[in-house]
Amino acid sequence: MAEQEKGMTIFLDVFRRADKNDDGALSMEEFKSFFSDGVLGCDDLENLFREIDTHKTNNLDTGELCTYFSKHLGAFKEIFGAVEDMNKSISKALTSTSQVYPKSSFMEQFTIRFLMREILNQMAALQRPVEAASDAIDENAVTERGGVPQAMQTESSRPAGIVPGRVARRARRQLSTQTSMPEGSGPLTAQIERLRNLVDKLENKVNFEGISEEQVDIQNEQTMILVRRQLAINEEHDKAFRDSLRKYIEGSNITDGCLHLSVRTYSGSNMFVLYEMWEDQDAWKGHSSSSLAKSFQHSNIDNLETPEQLTTMPIPSSWWKRDE
């Protein structure tokens with residue numbers, strides 16, 4: 001289309017998600033895989049594909065997809081326009097909040113968290129009636145078309161765990177408090193997840209309740225060092241890396257000045273993150289130049305897929321003592 005209609009950018013995102021091989025065109029198989037909803041049969045989907053394919057190329061482009069849906073938006077046209085505006089507003093608000101929040105006062109941070117939770121509640125309230133209506137329509141459609149073969153999906157055509165229609169929505173509702181939304185969720189759900197994740201990050205920081213401002217002499221302030229090491233391992237060297245990591249942790253734990261070590265891994269990923277807490281800068285520097293640390297770094301040259309990412313941050317020593 002020469003000029004993008006209000007609300008149609010949503011369908012550019014739909015196209016991107018449906019275009020699994022990122023070639024800028026939807027094949028018949030990609031179309032059937034993405035748009036099968038548990039109601040339409042293969043013949044229905046093929047007929048719909050040919051109807052949308054006005055250029056008769058046996059592939060769909062973004063213009064054809066947007067043109068088709070723009071003719072059928074009806075009462076939803078205004079909603080899609082509002083969702084488009086909301087996406088922009090939320091992205092702007094989240095970016096601003098991530099910059100402003102750390103510099104805000106204790107009570108200002110509370111207010112920000114409250115406002116974000118309330119936005120989250122309002123968006124979830126909007127989503128629930130739409131899901132209920134969609135579930136009812138889906139169930140009615142399945143009943144009316146009983147006996148008509150439904151389009152099947154291959155495992156490779158859709159990411160694992162994603163199923164179309166009402167089943168997916170029910171699964172997402174069950175997973176919403178446990179994990180991030182899977183690929184294929186709608187813009188409203190995606191924005192709800194973005195807000196939920198940011199609120200979680202803001203609320204799960206160190207609890208300073210009951211602690212007033214601490215005035216210290218900058219010349220005498222004592223700090224410990226928090227070290228974060230991000231390690232993307234080469235899967236072929238998984239065993240070798242784990243052996244090297246075990247030796248490093250065992251050696252570090254008995255090193256003077258080491259307060260704590262923790263390893264975090266991520267399911268479905270080759271990423272390891274190692275957190276180290278050292279008594280002070282001198283303890284960390286001394287450890288970094290030790291044969292133990294150098295041996296671990298040397299082994300990582302062969303075991304890592306990409307170079308290690310290491311960051312350090314000083315933290316008031318009084319915080320650690322307060323937790324004892």
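## Exercises on salt bridges and burial

At 0% relative accessibility, E276 counts as buried (buried means under 20% relative accessible area, exposed over 50%, partly exposed in between, with a 1.4 Å probe and protein chains only). This is a predicted model, where local features need pLDDT of at least 70 and side-chain atom pairs count only at pLDDT 80 or more, while totals for chains, interfaces and linings use all residues. Residues are numbered from 1 along each chain as its sequence is written, and side-chain values use heavy atoms, leaving out hydrogens and water.

**Exercise 1.** Find the salt-bridge partner of E276 and place both residues.

*Solution.* Start with the partner: R229 forms a salt bridge with E276, with the closest N and O atoms 3.1 Å apart (a side-chain nitrogen of Lys or Arg within 4 Å of a carboxyl oxygen of Asp or Glu). Next, place the two: R229 lies in strand β1 (residues 223-232) and E276 in strand β3 (residues 271-278), 47 residues apart, so the pair links distant parts of the chain (strands are DSSP runs of E, at least two residues; helices are runs of H or I, at least four; both are numbered from the N terminus). Finally, check R229: its relative accessible area is 1%, so R229 is buried too.

**Exercise 2.** Work out how R17 and D13 are arranged.

*Solution.* First, both sit in helix α1 (residues 9-18), 4 residues apart, about one turn of the helix. Then look at the contact: their side chains meet in a salt bridge at 3.0 Å, N to O. Now compare exposure: R17 is buried at 8%, whereas D13 is partly exposed at 26%. Last, widen the view: D13, R16 and R17 are linked in a network of salt bridges.
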